[in-house]
Every structure is written in C-alpha cells, then in structure tokens.
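Welcome! Here are a few short exercises to help you find your way around a new structure. Try each task on your own before you read the solution.

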Amino acid sequence: MFALVTILVLLFASFSSAATYTGSAACRTCHAATYARWQKTPMANIVRDPREHPDAILPDLSKPDPLVNFKKEDIGLVYGSIWKQRYFKKVGDDYYPLDAQWDVTHQIWRAYRVADNTDWWVKFYPPENAKRPTSALCDGCHSTNLNLQTKTVTEWNVGCERCHGPGSDHVAKPSRANIVNPARLDTVAANDTCIQCHSQGQPPQKPMNGVYADWPVGYEVGKNLRDFWQLEEHKLGETTFTHFADGTAHKNRMQGNDFVQSAMYAHGVTCFSCHDVHGTDNRAQLIKPTSVVCLECHGPSSPNGPHAPSIETQTQEAHTHHRAGTPGNDCVSCHMPKIATQLADVNVRSHTFRFVPPSMTKLDKVPNACNACHADKSTDWASDALRTWKDRSPWRAE
Ligand code: HEC
Ligand code: HEC
Ligand code: HEC
Ligand code: HEC
Ligand code: HEC
Ligand code: HEC
Ligand code: HEC
Ligand code: HEC
C-alpha cells in the first residue's frame, strides 16, 4: 500500500513538473502592473498582424515605389518599428520575407534580401526570399514556443514565458518553486536569457531534422545555452561579416557576443543590471536614463572605477576630460560607441564597454569614439590629446 502511494506521488510529481506554455495573457491576472508595462515594449510588439493592428505598417503603401513589388493585402505579418520594418507573406503554413524593407530613420524604402557570403545559412538556401521560411530563419527569436515541425507558436513576440519558462504549473498554483526568475540563476544562465536571441551564432547540429535553423532550437531558460547555440567565432586581426579586427561586433543583434567579452560580464553584471525588460520610460528600457545609468555602480570613489588620480579629483569630469552636461561627458559616448550596423548608416551601440583607442583605428580600422565626434580631426590628433590625460595609461588608451 505504502509503495503504491509512493508510486502515485512520484507519478503525479513527474506529470506536474512537465509544465506547458500558457501565453502571457494568463500571467496578467496576478501580475497586472508588470503585464501593462511589458505590453508597451518593442519586444512585446516586434511581430504584428496588420489585420489586427492596421497602424503597424509605417510607410504609405499607396505611394508607388520601384522597390516595392507587393500590396498591403500580401502582408501577413509586420516586423519591427525602431530601425527597420520588414514584411512577410503567408504561403502554406509558413511565412516568407517580401523584397523591400522600410528604413525608419531615413523614411525610405530599401531592397531586402540577405546577400551571399553573409550569414552562415545563406549557402544552404536558394536565393529567392520566397524560398527562405521564417520559421527556420527568423521566428525562433520573435515568438514564444515555436514548434519547427508544426509551425505553431504559443504566442508571437517575446512573451513572459520566453524568459521565465513554461508557466502552467505556476498559473495553477503560484510559487517561486515552479517559475524561473532569471535573477536567481547563476550569472551565465541569467545572461543567456537574453543572449539566446541577442547574438549571432549557429546551432551545433546542422541540419537538424533536415532543417538549417538560425536560432537555438530546443533551448529554454535555465538550460545550458551552449548545448543549443555557438556564438559566431572570430579570429583577432580579421575583419569579417560579424566582427571588427579587435573582436568587437560590427553587426546588429550582437549585444551578447560583445558583452561576454567584457570585464563586467566576468564580474557578474547582467543585461538586466541595466535594462528592465518589463518596460521603463527610459531609452532601451534602461533602469535609469542613459547619461546616469552607469553611475549606479561607478559613482565617485567606486571600487569599480573609473580611477581618477587622487581622491579630490574623483569626479566624472576628472575621468572624462569633457565638461559636465555635454555629450563628451557621458559614459556611453566613449564606452558604447555606435558602431554596430543595423541598416545602411544606422548603427547601434557596442556592448563590450571597452574603450577603442585611436591607434586601433589607424592600425585595424576599428572605429574609435573620439573621432566619431571629432570627425574633422585625425586619429593622431586624438592619440596626442589622450597623451595629455595623465590619468590614462599610454600603453592602453592611445
Ligand atoms: C494566480 C496568480 C498568478 C498567476 C496567474 C501568475 N503568477 Fe507569478 N506569482 C504569483 C505569486 C503569488 C508570486 C509570489 C510567489 C511567492 O513569493 O512565493 C509569483 C511570483 C512570480 C515570479 C517571481 C519568482 C521568484 O523567484 O521571485 C515570477 C518570475 C512570476 N511569478 C512569473 C509569472 C509568469 C511568467 C506568469 C504567467 C505564465 C505568472 N507568473 C502567472 C502569482 C501568479
Ligand atoms: C525578455 C525577458 C523577460 C520577459 C519577456 C519578461 N520577463 Fe519578467 N523578468 C525577467 C528578468 C531578467 C527578471 C529578473 C530581473 C528583474 O527583476 O527585472 C524578471 C523578473 C520578473 C518577476 C520578479 C520580480 C518582480 O518584479 O516581482 C516577475 C513577477 C516577472 N518577471 C513577471 C513577468 C511577467 C508577468 C511577464 C510578462 C508580462 C514578464 N515577466 C516578462 C525577464 C523577462
Ligand atoms: C537569433 C535570434 C534572431 C534571429 C534568427 C532573427 N532575429 Fe530579428 N532581431 C533579433 C533581435 C534580438 C533584434 C533586436 C536587436 C538588434 O537588432 O540589435 C532583432 C531585430 C529585428 C528587426 C528590427 C526591429 C526594429 O524595430 O527595427 C527586424 C525587422 C528583424 N529583426 C527581422 C528579422 C528577420 C527578417 C529575420 C530572419 C531573416 C530575423 N530577424 C532573424 C533576433 C533575431
Ligand atoms: C525571444 C528572443 C528575445 C529574448 C529572449 C530577448 N530579446 Fe530583447 N529583443 C528581441 C527582439 C526581436 C527585439 C527587437 C524588438 C523591436 O525592435 O520591436 C529586441 C529588442 C530589445 C531591446 C531594444 C528595444 C527596446 O526595448 O528599446 C532591448 C534593450 C532588449 N531587447 C533587451 C533584452 C534583454 C535585456 C533581454 C533579457 C532579459 C532580452 N532582450 C531578451 C528579442 C529577444
Ligand atoms: C550593476 C553595476 C554596474 C553598472 C550599472 C555598470 N557597471 Fe561597469 N563595472 C561594474 C563592475 C563590477 C566592473 C568590474 C570592476 C572590476 O574590474 O573590479 C565594471 C567595470 C567596468 C569597466 C572596465 C572594463 C574593463 O574592461 O576594464 C568599464 C569601462 C565599465 N564598467 C563601464 C560601464 C559603463 C559605460 C556603464 C554604463 C553603461 C557601466 N559600466 C555600468 C559594474 C557596473
Ligand atoms: C571622453 C571619453 C570617456 C568618457 C566620456 C568616459 N570614459 Fe571611461 N575611459 C576612457 C578611456 C580612454 C579609458 C582608458 C581605457 C583603457 O585603459 O583601456 C577609460 C577607462 C575606464 C574604466 C577602466 C579603467 C579605470 O580607471 O578603472 C572605467 C571603469 C571607466 N572608464 C568607466 C567610465 C564611466 C563610468 C564613465 C562615465 C562616468 C566613463 N568611463 C566615461 C574614456 C572615457
Ligand atoms: C552596463 C549596462 C548595460 C548592460 C550590462 C547591457 N546594456 Fe544594453 N544598453 C545599455 C545602454 C546604456 C544602451 C544605450 C541606450 C541609448 O542609446 O540611449 C543599451 C542599448 C541596448 C539595446 C538597443 C540598441 C542600441 O544600441 O541602442 C539593446 C538591444 C541592448 N542594449 C541589449 C542588451 C543585452 C541583450 C545585454 C546583455 C547581453 C545588454 N544590453 C547589456 C546598457 C547596458
Ligand atoms: C560625444 C561626443 C564626443 C566624444 C565621444 C569625444 N568628444 Fe572631445 N569634445 C566634444 C565636444 C562637443 C567638445 C567641445 C566641448 C566644450 O565646448 O566644452 C570636445 C572637446 C575636446 C577637446 C578640447 C577642445 C578641442 O577641440 O581641442 C579635446 C582635446 C577633446 N575633446 C578630445 C577628445 C578625445 C581624446 C576623445 C576620446 C577619448 C573625445 N574628445 C571624445 C565631443 C566629444
């Protein structure tokens, strides 16, 4: 009798541990405030159906353009709103990219097709967009619980469970024990919550069930991302499709590839030390505005640096050599230059947090922050200026 009860209990435990995906709407009942904030973020709106959200399409499609060979009715799904917007047509049970994209910054159309000798997967697919299914190539990072075989999702967009794991058990009987909180994971797994999508990489197994997929198929938060995804490799000294010669990313969606190289990552800082993905009023969902977010941990006299020469001069200006209140005094201006290409000349910020010395620009064509603002000056001018900053090491900074 006792044995039977034990077996039943064990059986129940094993059933109930197989939690399933419920969708973000199920979380709303109890986490209403969090849900309301999250709902407004770009991550909760990357993919939209224009029939449900007619305002999702930014450009005016009634104006003809030689690059645009499709009509509003062809668009099954719309992706993006910040930098670029792309359009997808439903054929059979999958979606395929259309041939033009909208450049939000310049308000113009640009052709869209992933070119040869760029992404690793291109050589395994025919050249036409109409033969490049988004289930394998895109939507693993724009949805929650995409099944590559059935082509179904629990929901479009980065839903709660994409970062918290399947929530059915937790919804039925809320407890800390049956939902993942990334803040309670070790820092590698915690950062992998974001790196699963914010990186350029390849699955270790290619193809998988006959499919070349460009996302970490099978990964869920808490698992070891390394078993499902390998970050794009790089050789120092080579400028490639993804990297500058010093290993800094020059393509978009590489915050993860960059961040794992940084001293902050090694010291346990996480993406969510700076970003609150549930939504804030600051740019990029930062926990504090861009000009002050770093001071949370790098205030005057912080052991984390920056290290000014004496106690008296340990102010931000002593380190930046630019007047307070000017852009040259913002930490991000020098430590997160906009050098990763989103689209054409529109760039996003580097996440290695490394200062790229002007000499690196001269030697290896890695853009440095000084000459980004002082565009009329040479790299030698910038190196000379740095030589006068006595709190800097000439061996590193010039
Ligand atoms: C029926 C109410 C209810 C629903 C529905 C619900 N939660 Fe919770 N959630 C709670 C309560 C209560 C706690 C606090 C539990 C505790 O402290 O023991 C909690 C805690 C959490 C935590 C923090 C866990 C920790 O370790 O600190 C996360 C994350 C979370 N919920 C996510 C979700 C997600 C994602 C969903 C939807 C899939 C969801 N919740 C649906 C009630 C709910
Ligand atoms: C892109 C990833 C991501 C998404 C999407 C996300 N979360 Fe979180 N969530 C996190 C991370 C990281 C933490 C830990 C750091 C923190 O507290 O901000 C967290 C913490 C929490 C916590 C515990 C801390 C607290 O504020 O009480 C709750 C509850 C929670 N999330 C609920 C939700 C709900 C509900 C949704 C959907 C409406 C959601 N999350 C969507 C990543 C995410
Ligand atoms: C490995 C995950 C991943 C894959 C695969 C992926 N994306 Fe993304 N995508 C992201 C992330 C993360 C961002 C935002 C960060 C960034 O761009 O730096 C993004 C941004 C975008 C944006 C810009 C959104 C905006 O508001 O401007 C578009 C459009 C987009 N992706 C379309 C695609 C298409 C089309 C494909 C397939 C050919 C694809 N993505 C494949 C993760 C992915
Ligand atoms: C399922 C894939 C996925 C996961 C997981 C994910 N992201 Fe994203 N993220 C995206 C995509 C796609 C976009 C582009 C959204 C858009 O442009 O509409 C994006 C955009 C962003 C942005 C810029 C847009 C904004 O909100 O201003 C930030 C910041 C961001 N993500 C941070 C994070 C952090 C931090 C985590 C981990 C806690 C995370 N993301 C996890 C896919 C993901
Ligand atoms: C959550 C705390 C935290 C925040 C927020 C933070 N940092 Fe850090 N930072 C650290 C820690 C910890 C270290 C490692 C200190 C050490 O080496 O002992 C560090 C180190 C650094 C370094 C030295 C890196 C190197 O390679 O030597 C730079 C540069 C840096 N941070 C820049 C920034 C910038 C820029 C911001 C804002 C965008 C920022 N930090 C925000 C905690 C933080
Ligand atoms: C005008 C450019 C500039 C600005 C603005 C700037 N830094 Fe730096 N920072 C540098 C240079 C140059 C170095 C030296 C790089 C090296 O040694 O590799 C450096 C080094 C550092 C270091 C590592 C060395 C040390 O002294 O501990 C930290 C930490 C740091 N900066 C944090 C910050 C923070 C936080 C801010 C904003 C308050 C900031 N920096 C603003 C240029 C700048
Ligand atoms: C030390 C703080 C810090 C950490 C850690 C950090 N970020 Fe950021 N992130 C920022 C700042 C600052 C910005 C720029 C905001 C702005 O331009 O106003 C930013 C911007 C972004 C953007 C928007 C694109 C852009 O450059 O404007 C994305 C996406 C993003 N971060 C994702 C991530 C992900 C994913 C991680 C972890 C792999 C991460 N961040 C770690 C501070 C941080
Ligand atoms: C975000 C833009 C920005 C960045 C990045 C930046 N500066 Fe400046 N810098 C300025 C501006 C604007 C002024 C004029 C400041 C004023 O009026 O106080 C200035 C002034 C100067 C001056 C004194 C005036 C002059 O032109 O001779 C020097 C020297 C200088 N910067 C060197 C550097 C060096 C070296 C770096 C890289 C470590 C750097 N700056 C990074 C914007 C920037």
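The exercises below look at a ligand shell, a hairpin and some backbone details.

This is a predicted model, in which local features need pLDDT of at least 70 and side-chain atom pairs count only at pLDDT 80 or more, while totals for chains, interfaces and linings use all residues. Residues are numbered from 1 along each chain as its sequence is written, and chains are lettered from A and ligands numbered from 1 in the order in which they are written.

**Exercise 1. Find which residues surround ligand 6, and which elements they come from.**

Step 1: Collect the residues near the ligand, meaning those whose C-beta atom, placed from the backbone, lies within 6 Å of it. There are 21 of them, with H298, G305, P306, C331 and C334 the closest.

Step 2: Assign them to elements, where helices (H or I, at least four residues) and strands (E, at least two) are DSSP runs numbered from the N terminus. Helix 12 (316-320) and helix 13 (331-335) are the elements that give two or more residues. Helix 13 has the largest share, four residues.

Step 3: Sort the shell by class. Nonpolar means Ala, Val, Leu, Ile, Met, Phe, Trp, Tyr, Cys and Pro, charged means Asp, Glu, Lys and Arg, and the others, Gly among them, are polar. The result is six nonpolar, twelve polar and three charged residues.

**Exercise 2. Describe how strand 5 and strand 6 pair.**

Step 1: Strands pair if DSSP finds at least two bridges between them. Strand 5 (residues 100-103) and strand 6 (residues 108-111) have four bridges, in the antiparallel sense.

Step 2: Look across the pair: W102 faces W109 of strand 6.

Step 3: Four residues lie between the strands of this hairpin, and Q107 takes a positive phi near 55 degrees.

**Exercise 3. Locate the cis peptide bonds at P207 and P306.**

Step 1: Recall that most peptide bonds are trans.

Step 2: K206 and P207 are joined by a cis bond with omega about -10 degrees; P207 sits in the loop between strand 9 (201-202) and strand 10 (230-231).

Step 3: The cis bond of G305 and P306 has omega about 0 degrees, and P306 belongs to the loop between helix 11 (295-298) and helix 12.

**Exercise 4. Is N157 buried or exposed?**

Step 1: Place N157 in the loop between strand 8 (155-156) and helix 5 (160-164). Its phi is positive, about 80 degrees, although N157 is not a glycine.

Step 2: Apply the rule: buried means 20 or more other C-beta atoms within 10 Å of the residue's own, exposed 12 or fewer, and partly exposed in between, with C-beta atoms placed from the backbone. N157 counts as buried because it has 20 C-beta neighbours inside 10 Å.
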